Amino acid sequence: MTPDAILALYEWTIGGCFRCGQVDLFVTHVDEIVTPSGDRYELSSCGSCVLAMEEERRRYAERRGRAYEPGGLTQGEP
Ligand SMILES: [Zn+2]
């Protein structure tokens with residue numbers, strides 16, 4: 001699967017990336033954190049970080065002998 005095809009699996013909006021800290025670029029919502037006090041933070045990630053995380057998921061799946069399916073970052077999969 002090409003990087004473009006992987007990125008096409010996500011929806012993009014302008015925002016900041018939690019992973020690399022860049023702001024005002026295309027990001028996709030990948031997760032949210034709720035603190036013990038009840039504050040909710042949305043985690044969004046830019047394209048290059050999404051590809052890096054997809055690569056980590058691919059390696060993780062490979063080690064576990066599982067099938068890797070791109071596009072799962074937003075479904076809370078490891
Ligand atoms: Zn990033």
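1. A good place to start is the end of one strand pairing: Val34 sits across from Arg40 of strand S3. Please keep in mind as you read on that this is a predicted model.

2. That pair belongs to the ladder between S2, which covers residues 25–34, and S3; the two strands run antiparallel and are joined by seven bridges. Another pair worth finding on screen is Val27 with its bridge partner in S3, Cys46.

3. Have a look at the turn as well. The hairpin of S2 and S3 has five residues between the strands, and within this hairpin Gly38 adopts a positive phi near 100°.

4. Stepping back to the sheet as a whole, you will find three strands in the order S1-S2-S3, forming an open sheet with antiparallel pairing. Strand S1 (13–15) and strand S3 (40–46) are the edge strands, each pairing on one side only. On average, and with direction ignored, neighbouring strands of the sheet are turned by 55° against each other. Helix H2, residues 47–64, packs on this sheet and touches both S2 and S3, with its direction at about 90° to that of S3.

5. Which residues make up the largest nonpolar core? There are seven of them: Cys17, Val27, Val30, Cys46, Cys49, Val50 and Leu73. At least two residues of this core come from S2, and at least two from H2. Val27 and Cys46 will be familiar from the bridge between S2 and S3, and both are members of the core.

6. Val50 deserves a closer look of its own. What does Val50 contact once its neighbours within four places in sequence are left aside? The partners are Leu7, Tyr10, Thr28, Ser45 and Leu73. Of these, Leu73 is also listed with Val50 in the largest nonpolar core.

7. Now for the overall picture. The protein has two helices and three strands, and along the sequence they follow the pattern α-β-β-β-α. Taken along the principal axes, the C-alpha atoms fill a box of roughly 40 × 30 × 20 Å.

8. Two overall figures may be handy for your own notes. The protein has 78 residues, of which 14% count as buried. Among contacts with a separation of 6 or more, 37% are between residues 24 or more positions apart.

How values were computed: Residues are numbered from 1 along each chain as its sequence is written. This is a predicted model: local features need pLDDT of at least 70, side-chain atom pairs count only at pLDDT 80 or more; totals for chains, interfaces and linings use all residues. Two strands pair if DSSP finds at least two bridges between them. Helices (H or I, at least four residues) and strands (E, at least two) are DSSP runs, numbered from the N terminus. Axes are lines fitted to C-alpha atoms, for helices over the stretch in contact, and angles run from 0 to 180 degrees between N-to-C directions. Two residues are in contact if their C-beta atoms, placed from the backbone, lie within 7 Å. A nonpolar core is a set of buried Ala, Val, Leu, Ile, Met, Phe, Trp, Tyr and Cys residues joined through C-beta atoms within 7 Å. A residue is buried if 20 or more other C-beta atoms lie within 10 Å of its own, exposed if 12 or fewer, and partly exposed in between; C-beta atoms are placed from the backbone.
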